[in-house]
Structure formats: structure tokens, C-alpha cells
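Visitor: I'm new here, so could you walk me through this one with a few questions and answers?
Guide: Happy to, let's have a look together.

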Amino acid sequence: MKSNRPSKPERRPNRMGASATPRNERPRREAPPRLENVRPQGAVSSQMSWRDKFDAWSAHHSNSAIESLLRMLGTPLQSLMTWLVIAIAIALPAALFVVFSNVQQIGQSWQDSSQISVFLKKEASAGQAQDLRSRWAKRPDVVQATYVSPEQALEEFKLGSGLGELANHLDENPLPAVILVKPKIGGNAPDALTSLQQALVADPLVADVRLDMLWVKRLHQFITVAERFVVALAGLLALGVLLVIGNTIRMAIENRRDEIVVVKLVGATDAYVRRPFLYTGLWFGVGGGILAAILLALGFWWLSAPVTQLADLYQSSFRLQGLGFIESLQLILIAGFTGLIGAWIAVARHLYQIQPR
Amino acid sequence: MIRFETVSKRYDTGYEALARVDFEVESGEMLFLTGHSGAGKSTLMKLILLMEQPSNGNVFVDGHHLARMPKSQLPYFRRNIGVVFQNHQLLFDRTVYDNVALPLQVAGYPHQEIGKRVRAALDKVDLLDKERSNPMTLSGGEQQRVGIARAVVNKPTLLLADEPTGNLDPELSNEIMTLFRQFNEVGTTVMIATHDVELLKRMNKRVLGLVQGKLVHDGVLW
């Protein structure tokens with residue numbers, strides 16, 4: 001098409017795509033000749049190498065990160081309050097999770113030592129009891145069977161209960177002989193346990209069989225219920241964190257409306273405009289997470305001494321397990337991520353409403 | 001560079017800002033846009049910048065059919081247009097230097113390149129000694145020149161100015177016009193909206209005259 005117009009040989013390469021579409025074939029006035037040799041202009045950005053672009057991109061990332069952090073620290077009281085709100089919302093479910101994992105630990109250690117206590121009738125002699133013990137020990141579903149004579153049981157009672165004085169005043173030993181049977185199957189096979197229990201109770205020498213599993217199972221069920229409660233609570237509080245951060249970001253956007261308008265007018269991409277606000281959200285989340293970790297550490301430190309004393313009273317070696325280093329880091333990461341999402345939602349909702357007018 | 005094909009703009013309120021406007025601007029031209037306030041000057045500028053969409057007709061700028069431009073292209077398109085506002089739209093929370101550097105930072109220029117170009121632009125508008133000042137402390141004319149420096153720092157192919165001399169005395173407005181002329185002489189297409197008839201007479205350039213949204217004049221003076 002251009003060959004039809006040989007009269008215009010010197011035209012500057014036309015970025016308007018004149019050869020592509022007929023609508024540009026309308027005759028146009030020739031530009032003054034001095035325009036032929038002006039400095040290159042226009043799509044200047046295309047003259048930049050990919051390396052420059054990447055450098056600029058990463059520079060803007062670190063700039064946005066640092067600047068948004070400095071902005072936050074510029075209004076310390078306001079930021080601290082937001083951080084605290086987030087920290088409390090995170091620390092509450094996290095504390096409950098930690099408490100339940102501790103309770104579960106107790107349950108586990110008791111479950112491992114789960115055993116069936118078989119109480120023998122009074123008339124059973126020590127010899128009969130020993131026979132019974134060795135017979136049961138050979139059963140395939142029994143790991144171990146231990147005979148505890150009434151005298152041994154009394155000794156244990158004296159030592160363990162703190163009521164030794166009372167026992168000394170007894171005329172005769174009220175305790176029966178006991179055979180402790182450790183079943184091979186774990187706590188997850190209640191049917192097998194029940195059949196074992198029935199087999200044991202069938203012996204004429206047996207007075208009663210106590211399966212210690214039941215309350216462990218109840219504890220487990222309780223923890224499952226409580227865990228669901230905590231998950232729901234954590235979900236609600238996470239939503240709260242999202243709303244708090246979303247609202248904070250919305251105000252930050254409102255405060256910088258003029259800047260956003262100007263920056264959009266000079267050709268900022270949406271990603272460029274978004275970036276500082278996303279970092280603001282990230283910092284709110286991370287700051288809240290760090291505060292939450294500190295709150296938790298303080299709280300568990302404060303609790304650990306009385307809990308240890310309590311455990312000692314129960315002759316348990318149980319110790320309160322707080323949040324470890326890795327878990328604290330995970331907590332902070334999760335908080336930061338939540339902050340980022342909250343900021344993203346706020347930015348998506350509010351930033352696009354701000355257009356140059 | 002700019003072509004309007006029977007462009008109309010009717011706002012949601014029913015107000016017709018532009019009615020079947022046709023004109024074409026060549027690359028490297030310098031021209032004025034005039035009319036009373038409300039005649040459609042600002043609307044016309046906004047259509048070029050794609051701050052508004054026309055109700056009817058087609059707008060072409062720099063080879064782009066604006067109605068068909070994908071949203072993702074808009075920032076890159078705007079980087080080629082420098083804009084000077086009557087209220088100059090400077091950011092008062094940062095220095096003159098940072099205001100002028102904004103278009104370059106947005107476009108991702110390397111640090112040293114930004115420094116070079118910002119100083120060149122500030123030198124051009126004779127404000128090199130004010131680069132560390134806050135624009136709030138500058139006079140109206142100086143603020144307007146900072147706005148011009150920001151508009152040209154990216155070496156745009158098209159420079160739009162909406163009432164750039166709006167509240168400046170004649171001497172200052174002459175200075176600013178001289179600047180625009182200099183940019184035009186190195187090849188930038190310059191379009192200036194003004195209602196200052198004296199200025200139009202002095203400049204003796206092509207004038208587009210708008211009356212109630214209609215293009216009633218196209219040519220040198222009247």
C-alpha cells in the first residue's frame with residue numbers, strides 16, 4: 001500500500017501502524033522536516049533492558065516494603081493498637097490449640113499404659129492367682145499380665161495416696177488381689193478389648209474387671225469436640241483479623257487518594273499502586289503475629305510453675321509445653337499471610353474505585 | 001497523533017459535553033483548545049487520556065484506537081502522554097525532586113537515570129535550586145513549572161496542558177508558553193487548553209474553538 005505513495009519517502013517509522021489499517025490511509029499533512037532527526041522518544045520503556053526492569057521491579061518491592069513499615073512506625077500508637085487487636089485475635093485460638101495438644105499428650109501417655117485391672121475374689125489363693133496370671137500371659141491378645149497381691153496393693157496405696165496413716169489403722173487388708181493385664185491391641189479396637197474383657201470375667205475366680213479405656217475414650221471425644229470448637233473460633237477470629245486489616249488498609253488508601261490519582265495518571269500499573277498496600281497488610285499481620293507469639297510465651301511461662309506443682313501433686317511428670325520456636329515462626333507466618341489476604345481484599349475493593357477524574 | 005471521528009460525550013446526567021467533534025492533530029504540532037468553561041475542553045482532554053470513554057465516535061491517539069485498548073495497556077499508553085493540570089496536582093508530602101521523579105519511578109527507570117533526567121527537567125524549567133524544597137513552599141508559577149517538569153521528564157510524545165496559565169500573571173504565563181514552545185520545537189506534540197484570548201493572539205498557532213460541545217473553529221485565530 002505504501003508503494004502507491006512514493007512521494008513520501010522520508011517518513012519517520014510510524015508507530016501508529018499506518019500500514020496495518022486503512023483508516024490511517026487518510027492523507028495527512030507532512031510533518032516539518034526538522035522532526036526527522038529529533039532524539040528518539042515515545043516508547044522509552046522499551047529501550048530498557050530486562051535486567052533494568054527487573055532491578056526496578058525488585059527495587060520497588062524493597063522500597064514499598066521499607067516505606068510501608070516506616071509509615072507504620074510513624075504512627076506508633078495507632079499501629080500498636082492494630083497489632084494488639086490482631087495479636088489477641090490470633091493468640092486466643094493459638095493458646096487453646098496449645099492447651100488441647102497438652103491435654104492430648106496426657107491422654108496419650110495414659111492410653112499407652114492402658115491396662116485391664118482384674119480384681120480377684122477374696123477366696124482366691126496366691127497360688128491360684130499365679131496360675132491364672134501365667135495362663136493369661138500366654139493368650140495371644142495379651143502382652144503382659146502382672147500379679148499384685150493384696151499386701152503389695154496396700155503398700156502402693158500407702159505410698160501413693162497420702163492416706164498411709166489411715167491404712168495403718170485398718171484391722172485387715174480390704175484390698176483384693178489384682179492381676180493387671182496389658183492387652184496387645186491398641187485403644188482403637190474397642191470390640192477386641194470388649195471380647196478380651198468378657199473372656200477374663202468368665203473365670204470363676206474373677207470378681208470384677210475394670211477396663212481403664214473408657215474414660216480415655218471420653219477424654220478423646222471431649223478433645224475432638226473442643227478442637228472443633230477451637231477451629232470454628234479460629235475461623236471467626238481470622239475473619240475478624242481480615243476485617244481489621246481490610247479496614248485499616250481502606251483508611252490508608254483513602255489517606256493517599258491524591259497520590260494514587262497522580263500515580264495512575266503518570267502511568268502506574270495496578271500492581272505498582274497495589275504493592276505498598278499489600279506490604280502494609282503483610283506488616284500488620286507479621287507484627288500482630290510477633291506480638292501474639294510474645295503474649296503466648298508470657299502466658300505459658302506464667303502458667304508453667306503452678307501447672308508443674310499441680311502435676312507434682314498428681315505424681316505426674318507432665319510439664320506444660322508452650323509454643324516452640326518453629327511453631328512461633330509458623331504462627332507469625334500464618335498471621336502475615338492473613339494480613340496479606342486482608343490487604344488484597346481491601347485493595348481489590350477500594351483501589352479500583354479511585355480513578356483520575 | 002490525535003484523531004477524533006464524530007466524537008460525542010454525554011454524561012450520565014444527560015449533559016452533553018461534546019457533540020460530533022471531528023479533528024486531527026499531526027505529530028509535532030502545537031495547538032490550542034479554547035472555549036468558555038463548560039464548553040468541553042476538559043472533557044476532550046479526558047477522552048485523549050482515556051479518563052473518560054466517548055458515548056459515540058472513535059478517538060485515536062498515537063495509533064491506538066482508545067475504545068479497543070485493553071485495560072492492561074492503559075498505564076503504558078499514559079506513560080507517553082505528559083499532562084499539566086491547572087491545579088498542578090503536586091504531592092505535598094514529598095520534595096520537588098520526588099514529584100518530578102514519579103513518572104520515571106512508575107516506569108521503572110534505574111536510579112541514576114532518574115537522577116539525570118529529573119535534574120535535566122528541573123534545569124529546563126529553571127528550578128534546579130529548588131529540588132529539595134517542598135512544593136508547598138513554592139509560588140504558584142514555580143508550582144506550575146514543577147508540574148511541567150513532571151509532565152516532560154519522561155520525554156512524552158504528546159503533552160497536554162489544561163489551563164496551565166489559569167491563575168498566573170501575563171509575564172509568568174509568557175514564560176510558561178515559551179517552555180511549551182521549546183518542547184514543541186524538539187518534536188513533542190503540544191495541546192493546550194486555555195480561555196485566554198490574548199494569549200491565543202500572541203502565540204499565533206492553530207486553535208480549536210469549542211462552543212457548547214461543538215467544534216466551531218479550526219485554524220489560526222479568528
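Visitor: In which helix do K116(B) and E113(B) both lie?
Guide: Keep in mind that this is a predicted model. The side chains of these two, K116(B) and E113(B), meet in a salt bridge at 3.8 Å, N to O. They sit 3 residues apart, about one turn of the helix, and that helix is α4 of chain B.

Visitor: And K116(B), does that count as buried or exposed?
Guide: Its partner E113(B) has a relative accessible area of 24%, so E113(B) is partly exposed. The bar for exposed is over 50%. K116(B) is at 58% relative accessibility, so K116(B) counts as exposed.

Visitor: How many residues apart are R206(B) and E29(B)?
Guide: These two also meet through their side chains in a salt bridge, at 2.9 Å, N to O. R206(B) is in strand β9 of chain B, while E29(B) is in the loop between β2 and β3, so the pair links distant parts of the chain. Both R206(B) and E29(B) are buried. Along the chain they are 177 residues apart.

Visitor: Which residues are linked with R256(A) in a network of salt bridges?
Guide: Over all chains, the structure holds 17 salt bridges. One of them joins R257(A) and E254(A) at 3.1 Å, N to O. As for R256(A), its network takes in residues of chain A and of chain B: E259(A), D93(B) and R94(B).

Visitor: What is the volume of the largest cavity?
Guide: Rolling a probe the size of a water molecule over the atoms shows where empty space is left. Here the count comes to 1 cavity of 30 Å³ or more. Its lining includes L265(A) and V266(A) from chain A and, from chain B, residues such as R78(B) and F85(B). The volume is about 110 Å³.

Visitor: Which element gives the largest share of the lining of the largest pocket?
Guide: That pocket has a volume of about 1100 Å³. Of the 42 residues that line it, those closest to its centre include H60(A), Y272(A) and Q105(B). Elements supplying at least two lining residues are α1, α8 and α9 of chain A, with α3 and α4 of chain B. The largest share, 13 residues, comes from α1(A).

Visitor: In which helix does L303(A) lie?
Guide: L303(A) helps make a nonpolar surface patch of about 700 Å², together with I290(A), I294(A), L298(A), W301(A) and W302(A). With a relative accessible area of 38%, L303(A) is partly exposed. The helix is α9 of chain A, residues 270–313.

Visitor: What is the phi of D62(B) near?
Guide: Most residues other than glycine have a negative phi. D62(B), in the loop between β4 and β5 of chain B, has a positive one. D62(B) is at 9% relative accessibility and therefore counts as buried. The phi is near 55 degrees.

Visitor: And where is L50(B) placed?
Guide: L50(B) also has a positive phi, near 60 degrees. With 12% relative accessibility, L50(B) counts as buried. The place is the loop between α1 and β4 of chain B.

Visitor: What separates the centres of domain 1 of chain A and domain 2 of chain A?
Guide: Chain A has 10 helices and 4 strands. The assignment gives domain 1 as 57–109 + 218–353 and domain 2 as 115–212. Taken over C-alpha atoms, the centres are separated by 52 Å.

Technical notes. Residues numbered from 1 in each chain as written. Chains lettered and ligands numbered in written order. Predicted model: local features only at pLDDT ≥ 70, side-chain atom pairs only at ≥ 80, totals over all residues. Heavy atoms only, no water. Domains from an automatic or database assignment. Patch = residues over 30% accessible without salt bridge, like charges linked within 9 Å, V, L, I, M, F, W, Y side chains within 5 Å. Areas by Shrake-Rupley, 256 points an atom, 1.4 Å probe, with all protein chains shown as cover. Salt bridge = Lys/Arg side-chain N within 4 Å of Asp/Glu carboxyl O. Buried < 20%, exposed > 50% of the residue type's maximum accessible area, 1.4 Å probe, protein only. 1 Å grid on protein atoms, 1.4 Å probe; cavity = no way out; pocket = protein on both sides within 12 Å on 5 of 7 lines; lining within 4 Å. Points joined across faces, edges and corners; volume = space filled by probe spheres on them.
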